[in-house]
Structures are given as C-alpha cells and as structure tokens.
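User: I want to learn to read a fold from its contacts, its burial and its surface. Can you take me through a case?

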Amino acid sequence: MRDLARHEEAMALAFEAHALERSSYRPCTLLGALHMEAGNPAAGHSWYEKAEDLGAASEAMRVNFVP
C-alpha cells in the first residue's frame, strides 16, 4: 500500500501487523517510514527505536527524507 501511495491503508495494515506479531521489527520499520513520510519525525524515530529494540539493524533505517 505504501508503494501505491495509499498511506492511510498502509498505516492501518502496519498497525494490524504490529498487533499480530509484536516480536517482529518489520511492522515497526514500516510504521517509522510512514510517519516520516507523513511529516511526523518524532513518531517515526520512536518506531525506528522500537524496531532496533526488536533486532533491526540501525543502518537499515538511515533514509534521507527530502521535504
């Protein structure tokens, strides 16, 4: 959904995925990216931190967002 620019649906599905699989970092990285793209960097960084806590490599989340 994110790739199709359907961000609201992507956000809802990412939250659902996180609720179903709380031990996976993948929904967290997606939620981080979606929040960053939506102009909410504080929430984005928070989700990225959660992803790191669950085992995601910090290098994988270093993405440049151009406003």
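User: What share of the contacts in the chain with a separation of 6 or more comes from residues 24 or more positions apart?
Analyst: Start with sequence separation. In this predicted model, residues 24 or more positions apart account for 39% of the contacts with a separation of 6 or more.

User: Which elements does the chain have, and how many?
Analyst: Count helices and strands, then read their order. Here there are three helices and zero strands. From the N terminus, the order is α-α-α.

User: How do I read burial? Is His35 buried or exposed?
Analyst: Use relative accessible area; buried means under 20%. His35 has 13%, so His35 is buried. His35 belongs to helix H2, residues 26-37. Leaving out residues up to four places away in sequence, His35 touches Met11, Phe15, Asn40, Pro41, Ala43, Gly44 and Trp47. Across the chain of 67 residues, 30% are buried.

User: And the surface? How much area does the chain expose?
Analyst: Take the total, then the atoms that supply it. The chain exposes about 4,600 Å², with 52% from carbon and sulfur atoms.

User: Which residues form the negative surface patch?
Analyst: Look for like charges on accessible residues. Glu49, Glu52, Asp53 and Glu59 form this negative patch. Glu52 lies in helix H3, residues 41-53.

User: Why can Glu52 count towards a patch?
Analyst: A patch residue needs over 30% relative accessible area and no salt bridge. Glu52 has 39%, so Glu52 is partly exposed and clears the area cut-off.

Key: Residues numbered from 1 in each chain as written. Predicted model: local features only at pLDDT ≥ 70, side-chain atom pairs only at ≥ 80, totals over all residues. Heavy atoms only, no water. Patch = residues over 30% accessible without salt bridge, like charges linked within 9 Å, V, L, I, M, F, W, Y side chains within 5 Å. Areas by Shrake-Rupley, 256 points an atom, 1.4 Å probe, with all protein chains shown as cover. Salt bridge = Lys/Arg side-chain N within 4 Å of Asp/Glu carboxyl O. Lys, Arg positive; Asp, Glu negative; His and termini not counted. Charge placed at Lys NZ, Arg CZ, Asp CG, Glu CD. Helix = DSSP H or I, 4+ residues; strand = E, 2+ residues; numbered from the N terminus. Buried < 20%, exposed > 50% of the residue type's maximum accessible area, 1.4 Å probe, protein only. Contact = heavy atoms within 4.5 Å.
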